[in-house]
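Open the model in your viewer and keep the selection panel at hand. Each stop below says what to select and what is there.

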Amino acid sequence: MHKIKVAVVGVGYLGSIHAKIYKEIKDCSLIAICDINKTRLNRISQDLNVPGFTDYRQLFNKVDAVSIVVPTILHHKIANDFLRHNIHTLIEKPFTIHIKEADSLINIARENNLILQVGHVERFNSAIRAIEEMAPKPRFIECHRLGPFTLRVKDVGVVLDLMIHDIDIVLSLVPSRIKDIQAIGMKVLTDHEDIANARLKFEDGTVCDLTASRVTKDVMRKIRIFQEDAYISLDYKNEEALIYRKIRNRIVSHKIDIKKEEPLKNELESFVDCVLNKKRPVVSGQEARDALRIALLILSKIRTSQNNFTLSSLSKV
C-alpha cells in the first residue's frame, strides 16, 4: 500500500507529539518537520531523525499531508497555503479565529477534493466512543473542564482553548439547534477570559451547562449526560464512564466497558486513513466550524455581559 508523506508544522509541546506518533503509524512516513524556533527544531529533528525546515513553504512539493500545530492566529494563512498546493490538512483546534476564515478553508478543501480535519481530540476518546455507541438521548448535560494555567496557550481564552472541546461533543450528541446562549467569564492571569461558564438551550428542550477554567489547581475533565431513564458520568482524563439507572426505589450504577486507547494516536491514524481512502473525517471542517460558531457566540455574550469582570474590578467593590 502507498504510504502518504506527512509533515508537521509547529513542533512545540503538542506538535512534537504529533511528529512522534506519525513515526509510529505504518501507513505514513514522517518526512519533515517545521518550526521557526531553530533550537527546538534542531532538537526534535535529531531526536526523530527527520529533516527540519524553518519555512513551511519549502514543504509544498514534498508532502501529501500536513499537521498544522501553530498559534491559532496563523491557522488560516498556513492552512490556506497548503490546501492551495493540494495538500491534505489537519489543523489543531480551534479551527480558526474567525468564521469567514473557516468558511474559506472549507471551500478550498471542497473545491480541490482534499481532506480537511480539525483536531478535536476528545471525539477519539475511548469513553466518548463507548457512550456514542449507546446512542444517548440527553435532556440535560453538564460539562466541567478545569485545570491549572499553562504558558503554552496564551493567544486565546479558555473558551477557544478548553470549552470548545465540550461544545463539539455536545453538538455531536444533541440533534437539535441551539435557541439561546447565556454566558459569563472572568480574566485572571491573561488578557483573555480564564474562567467561563455557559448555558446552551436547544430547540428540543435539552439544556447544557459548560464550565471551563485554566486557573484551577486540580485537573477535571468530566461530562454528565442526564436522560429520562438514566444518567451517564464520563471522565475524559481517565477514559472511564459509569451509567446510573433507577431500579425500583434505588439508583444502581455499573461501569461501562471501555478499551482504553491513546486519543491523539487514534485521531492521527484516522486522518491518515481518511487521506488514503478518501473518507470523511470524524471532525471535518464543517463540524469544527459549527463548534467555533457557538464558541464565538459564547465569547460575544461574555464580552457584553454585565457579569464579565476582572480581579481588579473586584477590589473596587
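The tour goes from confidence to the sheet, then to the cores.

**Confidence.** Colour the chain by pLDDT. This is a predicted model. The chain averages a pLDDT of 92, and 95% of its residues reach 70 or more. Now select residues 308–317. Here the pLDDT is below 50. Beyond near neighbours in sequence, this stretch makes 13 contacts in the model.

**The sheet.** Show the strands as a cartoon. Six of them form an open sheet, and the pairing is parallel. Read across in the order β3-β2-β1-β4-β5-β6. Which are the edge strands? Select 52–53 for β3 and 116–119 for β6: each pairs on one side only. In general, strands of a sheet pair through backbone hydrogen bonds.

Next, pick β5, residues 88–92. Four bridges join β5 to β6, and the two run parallel. For one residue pair, centre on isoleucine 91; its bridge partner in β6 is valine 118.

**The largest nonpolar core.** This core holds 74 residues. Select Val9, Phe82, Phe95, Val159, Met163, Ile223 and Ile298, which touch the most other members. Then add helix α6, residues 158–173: α6 supplies the largest share of this core, 10 residues.

Stay on methionine 163. What does methionine 163 contact, leaving aside its neighbours within four places in sequence? The list is Val158, Ala196, Asn197, Ala198, Leu210, Thr211, Ala212 and Ile298.

**Another core.** Finally, select Ile4, Ile25, Leu264 and Cys274. They are among the 25 residues of another core, which lies apart from the largest one.

How values were computed
Residues are numbered from 1 along each chain as its sequence is written. This is a predicted model: local features need pLDDT of at least 70, side-chain atom pairs count only at pLDDT 80 or more; totals for chains, interfaces and linings use all residues. Side-chain values use heavy atoms; hydrogens and water are left out. pLDDT is the predictor's confidence in each residue, from 0 to 100. Contact means heavy atoms within 4.5 Å. Two strands pair if DSSP finds at least two bridges between them. A nonpolar core is a set of buried Ala, Val, Leu, Ile, Met, Phe, Trp, Tyr and Cys residues joined through side-chain atoms within 4.5 Å. Buried means under 20% relative accessible area, exposed over 50%, partly exposed in between (1.4 Å probe, protein chains only).
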